[in-house]
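Work through the exercises below with the model open beside you. Try each task before reading its solution.

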Amino acid sequence: MTDLLYSEEEEALRAAVRDLLADHCDAAGVIARVESDAPHDRELWKLLADGMGLAGLLVPEEQGGQGATHREAAVVLEELGRAVAPVPFLTSAVVATEALLAGGADDLLADLASGRKIGVLAVALNLPAGSAYKVVRFEDGALHGELTGIADAAVADVLLVPADDGGLYVVDASAATVTPQVSLDLTRPLAEVVLDGARGRLLGDAEPAVRRALRAGAGLLASEQLGLADWTLTETVRYLKERKQFNRPVGGFQALKHRLAQLWLEIVNLRAAARNAADALATGSDDADVAVAVAQAFAAPVAVHAAEEALQLHGGIGMTWEHPVHLYLKRAKADSIAYGTAGAHRAALAELVDLRAP
Amino acid sequence: MTDAAELRRRTAELLAAYPPATTDRVDFLRARFDAGLAWVHYPEGLGGLGAPRSLQAVVDADLEAEGAPDNDPRRIGIGLGMAAPTILAYGTQEQKRRYLRPLWTGEEVWCQLFSEPGAGSDLAALGTRAVREGDEWVVNGQKVWTSSAHIARWAILIARTDPDVPKHRGITYFICDMTDPGVEVRPLRQVTGEAEFNEVFITDVRIPDSRRLGEVGDGWKVAQTTLNNERVAIGGMRLPREGGMIGPVSKTWRERPELRTHDLHQRLLKLWVEAEAARLTAERLRQQLVVGQPGPEGAGMKLAFARLNQEISGLEVELRGEEGLLYDDWTMRRPELVDFVGRDAGYRYLRSKGNSIEGGTTEVLLNIVAERVLGLPSEPRTDKDVAWKDLAR
């Protein structure tokens, strides 16, 4: 049976990340940043990646990383989700790193692990593992094509690009034209990538690398969704204890208490499902595909429900730009599509656990 | 401290002295109790060895491997899960010695005389009266929803001993003899057609003061021990995937492709995922208990399973189509065991309606979660400082 608890080391890691985020990633700062031309917080990323070594969590020590597992990465994602931190941890330290761990390019892996470079897998954010992804044309030793929906590409130093010859290529971001797209999620913006004869270095077969990367992305995204949902519940409970209407705290009204208790219950279940996925990925369990599909099919509706309830229960203030709840709603809704919708993961489960469609 | 190795040695000794294949079931259970292997965390002489609770699993696994009779905790759920921990916490040494052994072996069945027609979720409003006469208490009143009353030898009973103080303060906790002629048990037929529960009428039943548990007027505090144990009981369960209500409907889906529709497929997969998440949550709670860090998740598990059981069984009735219009058997029966999954889909659908009522309604449990886990303000209380006799009824 999988270990569904948090170890002491994991709790220590959580505390350290939470402290750092408390000092360097407050909601007002995130709102100000996403209104600028540079929504990503490069300073914060440097502190997390360089200062704490988090970019290399999944990379073995002999390849320049921390030699930790998906369990630790999941704890980090819970905290980053709680802060809707605009940093490329999931895209670079998890997804691109997993693609590189599938084979080859030790030098680049070490660069990503150290935080010296940010890498991004050039596959649209909405795709689940195992689905068809868009490729670029490989012709006369150069890459040609246009890719959209690439998360965090705006800050990437290198792009991992699948091509029509079946290979995965490393392309220097300076060799591509990267244009930010106006994104629903302000804190994990998407970009369009155009390659017009860019040179790339062949890493290996794209298919297994992309599959592995997207599965890890989906499995660990559930922990980000858990952190996000947990923050919205905590913050809503805090607010409803203070906010008075009809001469009593709004949180004392049974209709609202029941909604919050229901939300708590959903989040408790999400924690178990997310831990199960992280542990299954960490141990390379045979059950990992099912664990990831269950976590993703369960997480998205819960996180979106939590953020929607938070907005509604904050009343008018929840509808404003200055209150951070909109950042959480936008992230939660975007996360519900990222690495496959709940419906896509349910369809995968139907095959995995033999509950076939009509 | 008794460790796992010591427990395994004692278990092996028990198995050698009383080979399960040739030993009478009750004799074996008595011997197991006397060896301290019934509930290892109980004190020596009372069925235990004062060992950590988590080590019970070691004993159970070794006994199961040898085919030893297991005392099914469901069969004696109220005795094992609720009466026993309360007697252990509040009973006199004499009471513990008298009641725990036959309770554990199943020779004496227990029931719980708590709920009344006018006191369900508001249990402390109960009106059954106990009036002291010398060394005895004379009890009059009516109880309801009493499972196993028709086979029980003993009951845990709460009754009002002082109507002049606020409702939570004037209650006392007793052990009631169900064979007393003043105790009348009538079956209460339910939506399923079965009479799993009973009404119990108590008329001039005389209970000796030596069968009081805890102090006079302290019955509410004692009852909290009983009720908390009721809700903890779920934490020890280890369920395999598809081990609950989702199992039968998944099986039907696999075996009967002609019943499948796209709508039902979507709903089945959604519920399958939710059931798996709930199972993992129960497992996580169990892991927390094993390391001695019980989490607040237990408060929510009953809520989750009640809703899932209802939705899943409802789905299965629909999935069965024409068969879903039928019911296996309306004959009135008085089962000794509640079996949630053993009968057909229609029975499961109807029985699961009780899951959100029994052991605390969903509405009251949501209040408890909101107040005790989330710290939200409590419901307004208009009865707090009012004597029970002055409350509106």
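**Exercise 1. The contact between the chains**

How much area do chain A and chain B bury between them, and what share of it is on carbon and sulfur atoms?

Solution. Keep in mind that this is a predicted model.

Step 1. Take the area. Chain A and chain B bury about 3,800 Å² between them.

Step 2. Take the share. Carbon and sulfur atoms carry 69% of that area.

Step 3. Count the residues. Chain A brings 41 residues to the contact, and chain B brings 46 residues.

**Exercise 2. Polar links across the contact**

Find how many salt bridges and how many polar pairs link the two chains, then locate one salt bridge.

Solution.

Step 1. Count the salt bridges. There are 4 between chain A and chain B.

Step 2. Locate one. The side chain of A:Lys257 meets that of B:Glu371 in a salt bridge, with 2.6 Å from N to O.

Step 3. Count the polar contacts. Between chain A and chain B, 18 residue pairs are in polar contact, with both residues at pLDDT 80 or more.

Step 4. Ask which elements of chain A are involved in the touching side. Helix H7 (206–242), strand S10 (248–249), helix H8 (254–283), helix H9 (288–313) and helix H11 (342–352) of chain A each supply at least two residues to the side that touches chain B.

Step 5. Pick the main contributor. H8(A) gives the most to this side, with 14 residues.

Step 6. Sort the residues by kind. The side of chain A that touches chain B divides into 24 nonpolar, 8 polar and 9 charged residues.

**Exercise 3. The mixed sheet of chain A**

In what order do the strands of the mixed open sheet of chain A stand?

Solution.

Step 1. Read the order. The 4 strands run S1-S4-S5-S8 in chain A, and their pairing is mixed.

Step 2. Find the edges. Strand S1 (119–121) and strand S8 (201–205) of chain A each have a single partner strand, so one side of each is left without a neighbour in the sheet.

Step 3. Add the twist. From one strand to the next, the twist averages 25°.

Step 4. Check one pair. Strand S5 (residues 167–172) of chain A runs antiparallel to S8(A), and 4 bridges join them. In S8(A), A:Asp205 stands opposite A:Gly167.

Step 5. Place the helices. Helix H5 (residues 89–101) of chain A lies across S1, S4, S5 and S8 of chain A, at about 70° to S1(A). Helix H6 (residues 106–114) of chain A also lies across S1, S4, S5 and S8 of chain A, at about 130° to S4(A).

**Exercise 4. The antiparallel sheet of chain A**

Which strands of chain A form the open sheet with antiparallel pairing?

Solution.

Step 1. Name them in order. The 4 strands are S2-S3-S7-S6 of chain A.

Step 2. Find the edges. Strand S2 (137–139) and strand S6 (177–180) of chain A each pair on one side only.

Step 3. Add the twist. Here the average is 15° from one strand to the next.

Step 4. Check one pair. S2(A) and strand S3 (residues 142–151) of chain A are antiparallel over 3 bridges. A:Arg137 has A:His144 in S3(A) as its bridge partner.

**Exercise 5. Strand pairs in chain B**

How many bridges link S6(B) and S7(B)?

Solution.

Step 1. Take this pair. Strand S6 (residues 183–188) of chain B and S7(B) pair in the antiparallel sense over 6 bridges. B:Val185 has B:Val200 in S7(B) as its bridge partner.

Step 2. Take another pair. Strand S3 (residues 136–143) and strand S7 (residues 197–208) of chain B are antiparallel over 7 bridges. In S7(B), B:Ile202 partners B:Gly141.

Key. Residues are numbered from 1 along each chain as its sequence is written. Chains are lettered from A and ligands numbered from 1 in the order in which they are written. Side-chain values use heavy atoms; hydrogens and water are left out. Two strands pair if DSSP finds at least two bridges between them. Axes are lines fitted to C-alpha atoms, for helices over the stretch in contact, and angles run from 0 to 180 degrees between N-to-C directions. Contact means heavy atoms within 4.5 Å. Buried area is the accessible area (1.4 Å probe) that two parts lose on being put together, summed over both. A polar contact is a pair of N or O atoms within 3.5 Å; within protein, one must be able to donate a hydrogen and the other to accept it, and residues adjacent in sequence count only if both atoms are side-chain atoms. Ala, Val, Leu, Ile, Met, Phe, Trp, Tyr, Cys and Pro count as nonpolar, Asp, Glu, Lys and Arg as charged, and the others, Gly among them, as polar.
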